[in-house]
Amino acid sequence: MNAPHVRRAGVTGIGVVAPNGTSTDAFWKATQEGMSVLDRVTREGCEHLPLRVAGEVRSFDPSAAVEERFLVQTDRFTHFAMAAADLALADARLGQADADSAPFSLGVVTAAGSGGGEFGQRELQRLWGKGSRFVGPYQSIAWFYAASTGQISIRRGFKGPCSVVAADEAGGLDALAHAARAVGRGTDAIVAGSTEAPLAPYSVVCQLGYEELSTVEDPARAYRPFTDGACGFVPAEGGAMLVVEEENRARERGVQVRATIAGHAATFTGASRWELSREGLAQAIRGALDEAGCAPEEIDVVFADALGVPEADRAEALAIADALGTHGRRVPVTAPKTGTGRGYCAAPVLDTAAAVLAMEHGLIPPTPNVFDICHDLDLVTVRARPAELRTALVLSRGLMGSNSALVLRHSAIE
Amino acid sequence: MSAQITVEELAELMKKAAGVTVAPQDLQQQYDSAFDSLGIDSLGLLGIVGELENRHGTPMPPDAERCKTPRQFLDLVNNTLMAGA
């Protein structure tokens, strides 16, 4: 693996715009403290809908983060993406001069599960309320899944490989793996990740059809995976973008590689067939370990999918045991997303950011609001647990049936 | 609604439809600059044309959205409005 011609992809920058923090530092502080920011839904036009609790990003001012001409042509999910990409690039010390001098060496990959619902709803209301002449031309680009990839590449002048994974939750991990493959094929760096904005009336109504959605009123009880009180998941907005960069190139720039994207695999077992996700997720874990050349015992922490549906939780606990053997009962497992909600494709990207930060700090963040585990798992609850973390496994499953696993290796401090 | 589009109205439309803020007096000085360099892309210009059509209740010629500069655009649009008045 260490032969000079092998191009390995590592994380060199993290940008977070999440319900519990609109910077990476704020996100990590809230995450490691186990703070829950789940709260009543207050987004305009959503207050009367049966979804009572969500993870809203309340401290984000788009006009402070992004130029107005990009704001008018994009949805909230792309506002988050542009802001998170800026934070990630600054964190990786990749400036505009890097893009201007070698635009084809930089690309963008995002994953999106819900697209630009708020923008789309506004324009469709104009269509049916006033007529087609009142629909703005940016409707043609703003609500599509690919909007964030396109706008980041235009705004930052990146002309390297650009793509979008239009997917369910697991697509967030698939996007990171796709970025790592693009780096392996020759691109210097890819800005990769996902942000979502599913808390607009139209988008919320679409989600009400999911039987896995929690409509519980009490924020402290609405999302409690792996417990007897599991009653579904709470959705969230926001997300994260990472800079995925060729490791030698990063070192040449004098930038630290914070974690290596070592292995990934994905499987598909069908929408809402949670019992079958046991086998699918276990197979994804085995594939990711295999690609990483990693033995099950080397996994130091698992960031769980943690759907919060009893059948799905059971399948995940069993999948971890199936794939990791006896180590599966000993390895610490965590699900910090119970404090922020599940931001669809963005959820596993935030977990990946948390995993990198956890390895750097030697600290496993806890699973907020969750006590009394009813599965054979060592779930980290209440407070963060100190541990030497060299390898992390991030898991994700989607409502449409995808299962994905990603192995991250902590890079030795140089 | 006046039958003629002023530079003030164009500046206002640029802000509303394309998010580009240019003071009318600055726009006057950039009369022959390309819309591109002002930060208006083709969809932005299309949005400006659509807004004008709705306000004035009259269709603009297809060439309106192909104009390269504010001067070309105002000349074409105002000629169209004059002819229709």
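## The nonpolar cores

In this predicted model, the largest nonpolar core, meaning a set of buried Ala, Val, Leu, Ile, Met, Phe, Trp, Tyr and Cys residues joined through C-beta atoms within 7 Å, has 132 residues. A residue counts as buried if 20 or more other C-beta atoms, placed from the backbone, lie within 10 Å of its own. Those with the most contacts inside this core are A:Ala84, A:Ala88, A:Leu176, A:Ala179, A:Ala240, A:Leu242 and A:Val244. Its largest share, eleven residues, comes from helix H15 (residues 346-361) of chain A, helices being DSSP runs (H or I) of at least four residues, numbered from the N terminus. Domain 1 (9-252) and domain 2 (261-410) of chain A each supply at least three residues to this core.

A second, separate core of 17 residues includes B:Ala11, B:Leu13, B:Ile48 and B:Val77.

## The two domains of chain A

The bounds of domain 1 (9-252) and domain 2 (261-410) of chain A come from an automatic or database domain assignment, and the C-alpha centres of these domains lie 21 Å apart. Their contact (C-beta atoms, placed from the backbone, within 7 Å) takes 62 residues from domain 1 and 57 residues from domain 2. On the domain 1 side, H9(A) gives the most, with seven residues; by class, that side has 34 nonpolar, 19 polar and nine charged residues, where Pro joins the core residue types as nonpolar, Asp, Glu, Lys and Arg are charged, and the others, Gly among them, are polar.

## Basis of the description

Residues are numbered from 1 along each chain as its sequence is written, while chains are lettered from A and ligands numbered from 1 in the order in which they are written. Local features need pLDDT of at least 70, side-chain atom pairs count only at pLDDT 80 or more, and totals for chains, interfaces and linings use all residues.

Definitions and conventions
A residue is buried if 20 or more other C-beta atoms lie within 10 Å of its own, exposed if 12 or fewer, and partly exposed in between; C-beta atoms are placed from the backbone. Helices (H or I, at least four residues) and strands (E, at least two) are DSSP runs, numbered from the N terminus. Two residues are in contact if their C-beta atoms, placed from the backbone, lie within 7 Å.
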